[in-house]
Amino acid sequence: LTKAVVSTQSTGIYMGVCTVTPAINADLHSELKGSFKGHARVFPGRFGVNIDPELYRLVFGATQIVAGALIIIGESIWAVYSVWILLGMQAFLCLSLYSQGESTKCIPNLVALNLIGVLAGGSHGYHYKVE
């Protein structure tokens, strides 16, 4: 399970870095940059709160990087909190894409949501770092 955790969170950290900066993958960065304009309209835009999509993207990407790193190297309780934060983030992305009418783009996020859910539950119904 530990190899699966590291590979899954390495992908999450990669996506976080691509969300924040175009240094690794400029095409993915520009696609994510455009999608966050729609995400900012869905939430919290529906409640009359306007957030700059750039700031929203930076905070979202930084949270992915930090949470992914904490799952890999953090203490057990912080790893558990990070898993739940990432679960909420992926669920939000699915809801946001569905609300924008881009339901086919939800598929990778649903796969990530399921993988993170496995991390949350672990192989025996508890988190892999909690003994």
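**Close-up views of a five-helix model**

**View 1. The start of helix α2 is capped by N25.** A side-chain oxygen of N25 lies 3.4 Å from the backbone nitrogen of D27, and N25 thereby caps the N-terminal end of α2. The model is predicted: local features need pLDDT of at least 70, side-chain atom pairs count only at pLDDT 80 or more, and totals for chains, interfaces and linings use all residues. Residues are numbered from 1 along each chain as its sequence is written, and side-chain values use heavy atoms, with hydrogens and water left out. Helices (DSSP runs of H or I, at least four residues) and strands (runs of E, at least two) are numbered from the N terminus.

**View 2. The protein has five helices and zero strands.** Along the sequence the pattern reads α-α-α-α-α. Of the 131 residues in the protein, 34% are buried. Here buried means under 20% relative accessible area, exposed means over 50%, and partly exposed lies in between (1.4 Å probe, protein chains only).

**View 3. Helix α2 has 17 residues and several buried positions.** From its first C-alpha to its last, α2 reaches 25 Å, close to the 24 Å expected at 1.5 Å a residue. The expected span is 1.5 Å times one less than the number of residues in the helix. The buried residues of α2 are L28, H29, L32, S35, F36, G38, H39, A40 and V42.

**View 4. H39 of helix α2 meets Q100.** The side chains of H39 and Q100 are joined by a polar contact of 3.3 Å. Such a contact is a pair of N or O atoms within 3.5 Å; within protein, one must be able to donate a hydrogen and the other to accept it, and residues adjacent in sequence count only if both atoms are side-chain atoms. H39 counts as buried because its relative accessibility is 3%.

**View 5. Helix α4 spans residues 76-99 and is followed by G101.** The 24 residues of α4 reach 35 Å from first C-alpha to last, close to the 34 Å expected at 1.5 Å a residue. G101, after the helix, has a positive phi near 85 degrees.

**View 6. R57 and E54 form a salt bridge within helix α3.** Side chains of opposite charge can pair when their charged atoms come close. A salt bridge is a side-chain nitrogen of Lys or Arg within 4 Å of a carboxyl oxygen of Asp or Glu, and the structure holds two of them. In the pair R57 and E54, the closest N and O atoms are 2.4 Å apart. Both residues lie in α3, three residues apart, about one turn of the helix. R57 has a relative accessible area of 4% and is therefore buried, whereas E54, at 27% relative accessibility, is partly exposed.

**View 7. K105 and E102 form another salt bridge.** Their side chains meet at 3.6 Å, N to O. K105 is partly exposed at 41% relative accessibility. E102 is partly exposed as well, at 28%.

**View 8. C94 and C106 are not bonded to each other.** A disulfide is a covalent bond between the sulfur atoms of two cysteines. Counted as a pair of cysteine sulfur atoms within 2.5 Å, disulfides come to zero here. The closest cysteine sulfur to that of C94 is in C106, 5.0 Å away, which is too far for a bond. C94 is buried, at 9% relative accessibility. Another cysteine, C18, is buried at 0%.

**View 9. Six residues make a nonpolar surface patch.** F43, F47, V49, I51, L55 and V59 form this patch of about 560 Å². A patch is made of residues with over 30% relative accessible area and no salt bridge, with like charges joined within 9 Å and nonpolar side chains (Val, Leu, Ile, Met, Phe, Trp, Tyr) within 5 Å. Areas come from the Shrake-Rupley method with a 1.4 Å probe; for residues, only the protein chains shown count as cover. V49 sits in the loop between α2 (26-42) and α3 (53-73). V49 is partly exposed, with a relative accessible area of 41%.

**View 10. Two residue pairs are separated in sequence: S7 with I72, and T63 with L86.** S7, in helix α1 (residues 2-20), is 65 residues from I72 in sequence and 9.5 Å from I72 in space, C-alpha to C-alpha. S7 is partly exposed, with a relative accessible area of 40%. T63, in helix α3, is 23 residues from L86 in sequence and 8.5 Å from L86 in space, C-alpha to C-alpha. T63 is partly exposed at 28% relative accessibility.
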